[in-house]
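Colleague: I've got this structure open and I'd like a close look at one part of it. Could you walk me through the charged side chains and what surrounds them?

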Amino acid sequence: MNKNNIGGFNLFQWIGEQKDWLTVFLSLAAISLSFISLTYQMKINTRNQEREFIKEQRSQAINVSMWLSFEKVGPENPNVTISNSNRNAIYDIFIFSVSNRSSGIIDDLGNLNKDGHDDYYQDVQYIEVLPPGKSKIFMSYQNAMGGEHSVPEMIFKDSNGETWFRNKNGSLDKVESLDKLLPKYNIDLPFNQYSKKVFYP
């Protein structure tokens, strides 16, 4: 009697069959792990591409900023400096004055004519084209008890046609074009009615 045959059961044959199943299982497991690894890597690559795309989009906008600067230029006293550190000009620049306690989001535009105020003209300025370098403008400035005072915020378009909002704290966000934004907040068009003197020291 064959010791490997027990009641018609072949031990070696059974082991061989299990070995085949184990090979199939390990192969499927390896394929599954490879698929999971590939999917994970594709997600990482996609995220990296998105980051690079955003970085490229912001490459010009990050070089545009503004700040309060009480400096005398001849007989004039402009109080806001705008810096464009790019090699290219920027366009459709809309600077407006808000409280340093404002929310710092694009909805700050709605505060210009809040409660029916129609004298917001003095709190805004439009510049059609701003070349590289530093420029200065004058904007109305107010301060109150408790440290509240006026600060500038700015909307502008880079040479790629993308429109950006730079808030009072320096944060940068992509927004709709100026001709779409202003009507949403009941700010009258055309832009050039808000054009005023720009100083190029």
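**A glutamate in a strand, and its surroundings**

Modeller: Let's start with glutamate 153, which sits in strand E8, residues 150-157. Bear in mind that this is a predicted model. Glutamate 153 is buried, yet it has no salt bridge. The nearest side chain of opposite charge belongs to lysine 168, and that one is 5.9 Å away. For a salt bridge, the side-chain nitrogen has to be within 4 Å of a carboxyl oxygen. What the side chain of glutamate 153 does reach is the backbone nitrogen of lysine 168, at 3.0 Å.

Now to the pairs that do form. Side chains of opposite charge can pair when their charged atoms come close. By the 4 Å rule, the count here comes to 4 salt bridges. Let me take you through some of them.

One involves strand E8 again: the side chains of lysine 157 and aspartate 92 meet in a salt bridge, 3.5 Å from N to O. Aspartate 92 lies in strand E5 (residues 90-99) and lysine 157 in strand E8, so this pair ties together parts that are 65 residues apart in sequence. As for how covered the two partners are, aspartate 92 counts as buried because its relative accessibility is 18%, under the 20% cut-off. Lysine 157 is partly exposed, at a relative accessible area of 27%.

Another pair is glutamate 148 and arginine 101, whose closest N and O atoms are 3.9 Å apart. Here both partners are in loops: glutamate 148 is in the one between strand E7 (133-137) and E8, and arginine 101 is in the one between E5 and strand E6 (124-130), so the salt bridge ties together parts 47 residues apart in sequence. Glutamate 148 counts as partly exposed, with 28% relative accessibility. Arginine 101 is exposed, because its relative accessibility is 52% and the cut-off is over 50%.

Then there's lysine 174 with glutamate 162, where the closest N and O atoms are 3.1 Å apart. That pair links distant parts of the chain, 12 residues apart: lysine 174 is in strand E10 (residues 172-175), and glutamate 162 is in the loop between E8 and strand E9 (163-166). Lysine 174 is partly exposed, at 44% relative accessible area, and glutamate 162 also counts as partly exposed, at 23%.

Strand E7 came up just now, so let's follow it to its neighbour. E4 and E7 run antiparallel and are joined by 5 bridges. Asparagine 84 has glycine 133 in E7 as its bridge partner. Strand E3 (residues 64-68) is also joined to E4 by 5 bridges, again antiparallel, and serine 65 is partnered with serine 83 in E4. As for E4 itself, residues 80-84, 5 of its 5 residues are buried, so the strand is largely enclosed by the rest of the structure. Val80, Ile82 and Asn84 point one way, Thr81 and Ser83 point the other way, and all are buried.

For a contrast with that enclosed strand, have a look at helix H1, residues 11-58, where you'll find phenylalanine 25. Phenylalanine 25 counts as exposed because its relative accessibility is 54%. Together with Leu22 and Leu26, Phe25 forms a nonpolar patch on the surface, with about 330 Å² of accessible area between the three.

How values were computed. Residues numbered from 1 in each chain as written. Predicted model: local features only at pLDDT ≥ 70, side-chain atom pairs only at ≥ 80, totals over all residues. Heavy atoms only, no water. Helix = DSSP H or I, 4+ residues; strand = E, 2+ residues; numbered from the N terminus. Buried < 20%, exposed > 50% of the residue type's maximum accessible area, 1.4 Å probe, protein only. Lys, Arg positive; Asp, Glu negative; His and termini not counted. Polar contact = N/O pair within 3.5 Å; in protein donor to acceptor, adjacent residues only side chain to side chain. Patch = residues over 30% accessible without salt bridge, like charges linked within 9 Å, V, L, I, M, F, W, Y side chains within 5 Å. Areas by Shrake-Rupley, 256 points an atom, 1.4 Å probe, with all protein chains shown as cover. Pairing = 2+ DSSP bridges.
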